[in-house]
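Dear colleague,

Please find below the structure that I am handing over to you. My notes on what was found in it follow directly after.

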Amino acid sequence: MEDNCIFCKIANGDISSKTLYEDDMFRVILDINPAAKGHALILPKKHFADIYELDQDTAGEVFVLAKRMAAVMKEALGCEGMNILQNNGEIAGQTVFHFHIHLIPRYKEDEIGFHMEGKGEPDYSLDDVQKVIVEGLKAVRAV
């Protein structure tokens, strides 16, 4: 636990929250500034700044929990869809540097703007991007 991390304090019960679920590894809470009715956050109890610091076991467990929570929330809230969102780094919109996953229920005409649209044909080679990522994967597997 990081002393100055607000999400560490919430995840470990030092700060109260509207808890939806809790186990030894995670706490799932309602977001206090929700984008939609039922907007929740999955917080690991152990501190990881972002996905790059997350260990393999925690990564697997958190995404299994996200799937379970999304299914329960869809049924309970009657939402028509769900954004499962996770930001890494300030440039990507991360504002609290404790790994967390947003579960954002979506409702018809909710006017939330999560639309990713391409900007047309890229000004770089997809072949070059593919090559550098595949080479990176080979290097990781070699370790």
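Phe26 of strand 2 has Pro44 in strand 3 as its bridge partner; strands here are DSSP runs of E with at least two residues, helices are runs of H or I with at least four, and both are numbered from the N terminus. Another such pair joins Leu30 to Ala40 of strand 3. Strand 2 (residues 26–30) and strand 3 (residues 40–44) run antiparallel and are joined by 5 bridges. Two strands count as paired if DSSP finds at least two bridges between them.

Please note that this is a predicted model, in which local features need pLDDT of at least 70 and side-chain atom pairs count only at pLDDT 80 or more, while totals for chains, interfaces and linings use all residues. Residues are numbered from 1 along each chain as its sequence is written, and side-chain values use heavy atoms, with hydrogens and water left out.

Strand 2 is also joined to strand 1, by 3 bridges and in antiparallel fashion. Tyr21 has Val28 of strand 2 as its bridge partner, and the two strands form a hairpin with 3 residues between them. Of the 5 residues in strand 2, 4 are buried (buried means under 20% relative accessible area, exposed over 50%, and partly exposed in between, with a 1.4 Å probe and protein chains only).

These strands belong to an open sheet of 5 strands with antiparallel pairing and the order 1-2-3-5-4. Its edges are strand 1 (19–22) and strand 4 (81–85), each of which pairs on one side only. Helix 2 (residues 56–77) lies across strands 1, 2, 3, 4 and 5, and runs at about 20° to strand 5 (101–106). For such angles, axes are lines fitted to C-alpha atoms, for helices over the stretch in contact, and angles run from 0 to 180 degrees between N-to-C directions; contact means heavy atoms within 4.5 Å.

The structure holds 4 salt bridges, each defined as a side-chain nitrogen of Lys or Arg within 4 Å of a carboxyl oxygen of Asp or Glu. Glu22 meets Arg27 at 3.0 Å, N to O, and Lys45 at 2.7 Å, N to O. Lys45 lies in the loop between strand 3 and helix 2 and Glu22 in strand 1, so this pair ties together parts that are 23 residues apart in sequence. Arg27 is buried, at 10% relative accessible area, and Lys45 is buried at 15%, whereas Glu22 is partly exposed at 41%.

With kind regards
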